[in-house]
Amino acid sequence: MLGNVPVRCLIDSGSQVATITETYYNVHFKDKVHTHSTWISLNGSHGLTIPTVGIFRTSVTIQANEFP
């Protein structure tokens with residue numbers, strides 16, 4: 001669960017951020033945006049900027065274990 005939304009995903013416990021597609025974001029999380037992406041910049045492995053449409057913080061639940 002991502003927030004209260006069931007989601008199938010790969011968990012990368014070493015990552016500082018997680019990304020989802022813009023479509024999935026718009027359907028499930030657009031109303032939960034805490035801030036717009038003016039203060040964060042994401043870059044890919046070749047230095048290319050990864051565009052962001054919003055940023056939010058939420059808990060993740062994996063097999064009944066909740067991680068804030």
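A residue counts as buried when its relative accessible area is under 20%, as exposed when that area is over 50%, and as partly exposed in between. In this predicted model, 16% of the 68 residues of the protein chain count as buried by that rule. The protein chain exposes about 5,900 Å², of which carbon and sulfur atoms supply 54%.

Turning to the architecture, the protein chain holds one helix and four strands, and these elements follow one another from the N terminus in the order α-β-β-β-β. The C-alpha trace spans about 35 × 25 × 20 Å along its principal axes. Among the contacts in the protein chain with a separation of 6 or more, 36% are accounted for by residues 24 or more positions apart.

The aromatic side chains offer a place to look in detail, since a pair of aromatic rings is described by the distance of the centres and the angle of the planes. The count comes to one aromatic pair. The rings of Tyr24 and Phe29 have centres 6.2 Å apart and planes at 45°, so the pair is tilted. Phe29 counts as buried because its relative accessibility is 1%, whereas Tyr24, with a relative accessible area of 22%, is partly exposed.

On the surface, Ile11, Ile62 and Phe67 make a nonpolar patch of about 260 Å². Ile11, one of these residues, is placed in the segment before helix 1 (22-28), and Ile11 counts as partly exposed because its relative accessibility is 46%.

How values were computed. Residues are numbered from 1 along each chain as its sequence is written. This is a predicted model: local features need pLDDT of at least 70, side-chain atom pairs count only at pLDDT 80 or more; totals for chains, interfaces and linings use all residues. Side-chain values use heavy atoms; hydrogens and water are left out. Rings of Phe, Tyr and Trp (its six-membered ring) pair if their centres lie within 6.5 Å; planes under 30 degrees apart count as stacked, over 60 as edge-to-face and the rest as tilted. Buried means under 20% relative accessible area, exposed over 50%, partly exposed in between (1.4 Å probe, protein chains only). Patches are made of residues with over 30% relative accessible area and no salt bridge: like charges are joined within 9 Å, nonpolar side chains (Val, Leu, Ile, Met, Phe, Trp, Tyr) within 5 Å. Accessible areas come from the Shrake-Rupley method with a 1.4 Å probe; for residues, only the protein chains shown count as cover. A salt bridge is a side-chain nitrogen of Lys or Arg within 4 Å of a carboxyl oxygen of Asp or Glu. Helices (H or I, at least four residues) and strands (E, at least two) are DSSP runs, numbered from the N terminus. Contact means heavy atoms within 4.5 Å.
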